[in-house]
Amino acid sequence: MSRAALPQFVPIRSTASLAVSIPRGLTVHLVNPSHLSFGIGVITPRWLFVLGAATPAPYGRPRIVDETLEAIDLESVRAGDIVGIGIHTGNALRGYEIGVAARKRGATVVFGGIHATLYPDEADELGGAHAVVRGDGDVVWPIVLDDALRGTLQPRYEGGRVDADRFAPARWELLPEGRYMWGSVQTVRGCPKHCSFCSVWGTDGQKPRQRTVDSVVAEIVELRRHGFRFVALADDNFYPVTLADLAMAERQGNVARLEQLRALRAERFELMARLAELPSDSVFFTQITMEAAEDPAFLDAMRRANIKGALVGVEAVTPEGLKDVFKGFNQAGEALVQRLQTFREHGVFVLGSFIFGLPSDREATFEATADVAERSGLAFAQFVMLTPYPGTVDFEAWEKKTGDSAERVDGIPVTRHWLIPQDRRPKVYAPHPVMTAEELRARTQAVWNRFYSLPRIWARSRCTQTLRARVAFVLISKLYRQMYANTGIATDSARVNRANRWARLIAKPCRRLFAAKLPA
Ligand code: B12
Ligand code: SF4
């Protein structure tokens with residue numbers, strides 16, 4: 001389905017209705033598919049624990065399966081069970097395999113998540129779905145479960161864009177102990193921007209839905225009790241109201257909008273003030289736009305709140321590149337270097353995210369990007385290759401342009417790249433005006449290699465204060481690099497296998513570095 005055709009979601013019923021009798025021994029399984037398992041996970045996949053919370057108590061304790069830790073044991077799925085599978089585009093194919101296998105075993109199979117929201121019919125045709133939930137699962141999941149037991153399951157449920165006060169807080173007591181490095185808590189859903197490669201504003205909406213401060217803090221405190229002092233604020237954009245937005249509303253004399261924006265901003269500051277009261281060794285990480293660098297009061301509040309790191313979508317270092325991705329609000333060249341350094345000056349370490357393969361990219365872009373990444377004082381960086389994800393402007397344009405002439409792998413057009421088995425899936429899909437796919441991949445890999453060379457990592461590790469912290473910094477940099485080598489850029493299977501072994505090896509000591517000391 002195209003981005004423009006996405007409906008406004010409205011929950012179909014507000015709460016589960018009449019009580020149903022639940023057969024003894026029924027298990028609700030919640031499965032996060034992955035074709036690779038590392039034994040240890042970096043960030044808790046939040047949806048598992050949110051849907052776990054939305055599962056009414058009479059259904060018993062849901063069985064959480066995160067395949068990034070280990071593959072599902074299908075023997076544990078019995079006839080009559082209910083299996084909920086959450087998919088994004090990258091893991092959809094593995095999700096379909098599990099759905100088909102679970103259905104064969106007599107379970108009721110329900111799909112949800114961003115990819116199922118965009119392509120519900122695919123889950124029916126390839127994933128053995130009995131039902132597909134589109135949009136947020138928080139409110140609709142209990143209804144789906146009840147309908148499944150009553151024998152009145154519908155093929156589609158519109159989960160809607162649930163208001164922030166109805167978000168289900170995650171049920172962290174379902175966490176497997178000692179398996180993740182970071183917890184994840186969402187503070188806001190949706191993003192007012194409209195970047196061409198991103199689906200968030202189309203699916204989650206451009207109106208920021210901010211959770212109450214109390215509900216966010218309660219979850220963070222609970223995570224601490226489970227040994228997490230590192231928490232990712234799993235937001236699309238932690239800075240939904242910019243100074244420019246406020247100035248614009250003021251100029252337009254739009255009093256109602258101005259008040260609304262000021263209220264949202266005040267809530268952000270209130271949240272950060274509460275985070276600042278938590279134990280001082282807490283560490284938070286979030287995703288934010290570069291505009292926050294123009295707002296010193298906001299950055300100072302972040303520092304006090306122990307939001308020590310942020311992923312900043314830099315995307316491109318040239319004005320042409322920024323235009324390609326509808327990101328005119330970012331800076332290019334020296335102004336960009338300065339903005340990124342501003343984060344650092346306020347105690348916020350930046351993971352800079354760059355995209356290669358934009359139409360305006362040329363040979364020199366790779367060198368220029370690596371150079372900016374180094375001069376901007378970034379702690380970490382990722383260099384992704386432009387991937388047209390469904391639900392984005394880029395995808396829509398590409399699909400339209402490519403039409404029936406799309407290149408095929410095993411008979412599958414590359415415009416359905418997620419259906420191509422992982423080992424044969426191309427690394428680059430959209431043709432570039434002047435570079436071949438292999439050239440783009442090799443140049444991207446060279447930039448990764450340069451940024452993550454040991455001497456450069458060691459030099460960057462000076463941003464930390466103790467030797468232990470420097471060693472931790474090196475380990476984490478290497479882990480990050482290795483995990484990317486197999487999910488993103490490497491082509492030869494020997495390198496992928498080596499990267500996997502490395503990642504498994506480093507993951508355990510890394511987890512220990514992140515864990516909080518628990519009271520005796
Ligand atoms: C935090 C985050 C990350 C984190 C943490 C991931 C993790 N372990 O959880 C990090 C930084 C690691 C990450 C990495 C990536 N991410 Co990310 N990420 C997000 C983000 C911002 C929030 C996800 C989240 O936790 N949301 C909170 C939970 C509660 O919401 P939810 O997952 O949407 O689930 C709700 C519904 O979808 C539904 N639901 C979900 N599953 C199910 C299942 C059933 C049965 C039912 C009924 C309902 C249901 O109910 C839930 C509750 O309402 C989303 C943006 C977004 N708005 O979704 C992008 C997003 C999911 N990521 C995206 C991408 C592209 C990536 C990367 C590929 C980026 C890259 N180039 O490397 C990698 C892939 C990692 C991987 N292999 O999984 C895209 C996915 C697009 C797509 N079509 O698939 C998104 C949508 C962002 C975007 N820009 O478009 N990501
Ligand atoms: S700022 Fe980030 S979340 Fe918002 S639309 Fe752009 S890429 Fe998506």
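**Ligand shells, sheet and confidence in a predicted model**

Q: In this predicted model, what makes the pair between ligand 1 and I43 a polar contact?
A: A nitrogen atom of ligand 1 lies 3.2 Å from a polar backbone atom of I43. A polar contact is a pair of N or O atoms within 3.5 Å, so the pair with I43 counts as one.

Q: Which part of H88 is 3.2 Å from an oxygen atom of ligand 1?
A: The side chain of H88, through an N or O atom. The cut-off is 3.5 Å, so this pair also qualifies as a polar contact.

Q: Why does the pair between ligand 1 and G113 count as a polar contact?
A: A nitrogen atom of ligand 1 is 3.4 Å from a polar backbone atom of G113. That is within 3.5 Å, and therefore the pair counts.

Q: Which elements give two or more residues to the shell around ligand 1?
A: They are α1 (46-54), β4 (82-86), β5 (108-112) and β6 (131-135). The most comes from α1, with four residues. In total, 35 residues surround ligand 1, and the closest are T89, D138, D204, D236 and Y484. By class, this shell has 16 nonpolar, 12 polar and seven charged residues.

Q: What makes K193 part of the shell around ligand 2?
A: A residue belongs if one of its heavy atoms lies within 4 Å of the ligand. K193 is listed around ligand 2, so it has such an atom. The other residues there are C191, C195, F197, C198, W201, D236, T289 and K327. The shell around ligand 2 divides into five nonpolar, one polar and three charged residues.

Q: Why are β12 and β13 called paired?
A: Pairing takes at least two bridges. Five bridges join β12 (residues 283-288) to β13 (residues 307-315), so the two strands pair. They run parallel. F285 has G309 in β13 as its bridge partner.

Q: What makes β2 and β15 edge strands?
A: The open sheet has seven strands, in the order β2-β8-β11-β12-β13-β14-β15, with parallel pairing. Each of β2 (41-43) and β15 (380-385) pairs on one side only. From one strand to the next, the twist averages 25°.

Q: How confident is the predictor, and where is the pLDDT below 50?
A: The chain has a mean pLDDT of 91, and 91% of its residues reach 70 or more. Over residues 1-17 the pLDDT is below 50, although this stretch has 44 contacts in the model beyond near neighbours in sequence. Where pLDDT is low, the predicted coordinates should not be read in detail.

Technical notes
Residues are numbered from 1 along each chain as its sequence is written. Chains are lettered from A and ligands numbered from 1 in the order in which they are written. This is a predicted model: local features need pLDDT of at least 70, side-chain atom pairs count only at pLDDT 80 or more; totals for chains, interfaces and linings use all residues. Side-chain values use heavy atoms; hydrogens and water are left out. A polar contact is a pair of N or O atoms within 3.5 Å; within protein, one must be able to donate a hydrogen and the other to accept it, and residues adjacent in sequence count only if both atoms are side-chain atoms. Ala, Val, Leu, Ile, Met, Phe, Trp, Tyr, Cys and Pro count as nonpolar, Asp, Glu, Lys and Arg as charged, and the others, Gly among them, as polar. Axes are lines fitted to C-alpha atoms, for helices over the stretch in contact, and angles run from 0 to 180 degrees between N-to-C directions. pLDDT is the predictor's confidence in each residue, from 0 to 100. Contact means heavy atoms within 4.5 Å.
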